[in-house]
Amino acid sequence: MTLKKNLIANYRSTKHPPTIELEGVWKNGLGSEMVLGVDAAGNVKGIYKTNVGMPASTEEFPLVGFASGDLISFTVNFGKYGSLTAWTGQHTENEEGDPEIHTLWHLAENILDEQEPYHIWAGILAGSNRFTR
């Protein structure tokens, strides 16, 4: 078996589809909202509306990612605003039994080429979000 075929076969045998219900509307504590769709293979697609920064809270941005078991990772391209954000986290339940997704995020925004040697890390922000239904 060639290396490529072996890698593909191994990938297919180790992929874990989502085991919990991630589909639907989720909101974080900042008022941002996402609508998630997840297929049987764990591919995530949806819409993200941010309630922070320059975009209007009604502006929609495409969301793509992956889910595996109760883990999720997704990315949003904020297009004309010049940034990308990626979230990675885990689904859980709070003390009342309500579903939550706890995530860490990284936002990257472009630093002009001539400024990169001095300010490259200024273009990467990090934080956390808790999404609820």
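**View 1. The whole chain, with its two helices and eight strands.** In this predicted model, the elements follow one another along the sequence in the pattern α-β-β-β-β-β-β-β-α-β. The chain has 133 residues, of which 28% count as buried, and its accessible surface comes to about 8700 Å², with 57% of that surface belonging to carbon and sulfur atoms. Among the contacts in the chain with a separation of 6 or more, 35% are made by residues 24 or more positions apart.

**View 2. The hairpins formed by β1 with β2 and by β2 with β3.** Strand β1, which covers residues 24-28, pairs with β2 in the antiparallel sense over four bridges, and the hairpin that the two strands form has four residues between them, with glycine 31 in the turn showing a positive phi of about 90°. The pairing of β2 with β3 is likewise antiparallel and runs over six bridges, while the turn of this hairpin, again with four residues between the strands, holds glycine 42 with a positive phi of about 95°. Two opposite positions can be picked out here: lysine 27 stands across from glutamate 33 in β2, and glycine 37 stands across from lysine 45 in β3. In a regular strand the side chains alternate between the two faces of the sheet.

**View 3. The salt bridge between lysine 27 and glutamate 33, and the network around it.** Side chains of opposite charge can pair when their charged atoms come close. Lysine 27, which stands opposite glutamate 33 in β2, also meets the side chain of glutamate 33 in a salt bridge, at 3.7 Å from N to O. Lysine 27 counts as partly exposed, at 43% relative accessibility. The two residues belong to a network of salt bridges in which Lys27, Glu33 and Lys49 are linked.

**View 4. Salt bridges that link distant parts of the chain.** A search of the whole structure finds four salt bridges, and two of them are shown in this view. Glutamate 59 forms one with lysine 80, and the closest N and O atoms of this pair are 3.8 Å apart; glutamate 59 lies in the loop between β3 and β4 and lysine 80 in the loop between β5 and β6, 21 residues apart. Glutamate 59 is partly exposed at 22% relative accessibility, whereas lysine 80 is exposed, with a relative accessible area of 71%. Glutamate 100 forms another with arginine 130, the closest N and O atoms being 2.8 Å apart, and this pair joins strand β7 to strand β8 (residues 124-132) across 30 residues of sequence. Here glutamate 100 is buried, with a relative accessible area of 6%, while arginine 130 is partly exposed at 42%.

**View 5. Aromatic rings that form one cluster.** Six aromatic pairs are found in the whole structure. In one of them, the rings of tyrosine 48 and phenylalanine 78 have centres 6.2 Å apart and planes at 80°, an angle over 60°, so the pair is edge-to-face. Because tyrosine 48 lies in strand β3 (residues 43-49) and phenylalanine 78 in the loop between β5 and β6, this pair ties together parts that are 30 residues apart in sequence. Tyrosine 48 counts as buried at 2% relative accessibility, and phenylalanine 78 is also buried, at 6%. Phenylalanine 61 and tyrosine 81 form another edge-to-face pair, with 6.1 Å from centre to centre and 70° between the planes. Phenylalanine 61 is in strand β4 (residues 61-68) and tyrosine 81 in the loop between β5 and β6, so the pair ties together parts 20 residues apart. Phenylalanine 61 is buried at 6%, but tyrosine 81 is partly exposed at 24%. The cluster as a whole is made of Tyr48, Phe61, Phe74, Phe78, Tyr81, Trp87 and Phe131.

**View 6. The largest nonpolar core, with its 19 residues.** The members that touch the most other members are Met34, Leu36, Tyr48, Leu63, Trp87, Ile101 and Phe131. Strands β2 (33-38), β3, β4, β5 and β7 (99-109) each supply at least two residues of this core. Beyond its neighbours up to four places away in sequence, leucine 36 touches Leu22, Glu23, Gly24, Trp26, Val44, Lys45, Leu63, Ile72 and Ile101.

**View 7. The surroundings of histidine 106 in strand β7.** The C-alpha atoms of histidine 106 and alanine 126 are 4.5 Å apart in space, although the two residues are 20 apart in sequence. With neighbours within four places left aside, histidine 106 is in contact with Leu84, Thr85, Ala86, Ile124, Leu125 and Ala126.

Note on methods. Residues are numbered from 1 along each chain as its sequence is written. Side-chain values use heavy atoms; hydrogens and water are left out. Buried means under 20% relative accessible area, exposed over 50%, partly exposed in between (1.4 Å probe, protein chains only). Contact means heavy atoms within 4.5 Å. Accessible areas come from the Shrake-Rupley method with a 1.4 Å probe; for residues, only the protein chains shown count as cover. Rings of Phe, Tyr and Trp (its six-membered ring) pair if their centres lie within 6.5 Å; planes under 30 degrees apart count as stacked, over 60 as edge-to-face and the rest as tilted. A nonpolar core is a set of buried Ala, Val, Leu, Ile, Met, Phe, Trp, Tyr and Cys residues joined through side-chain atoms within 4.5 Å. Two strands pair if DSSP finds at least two bridges between them.
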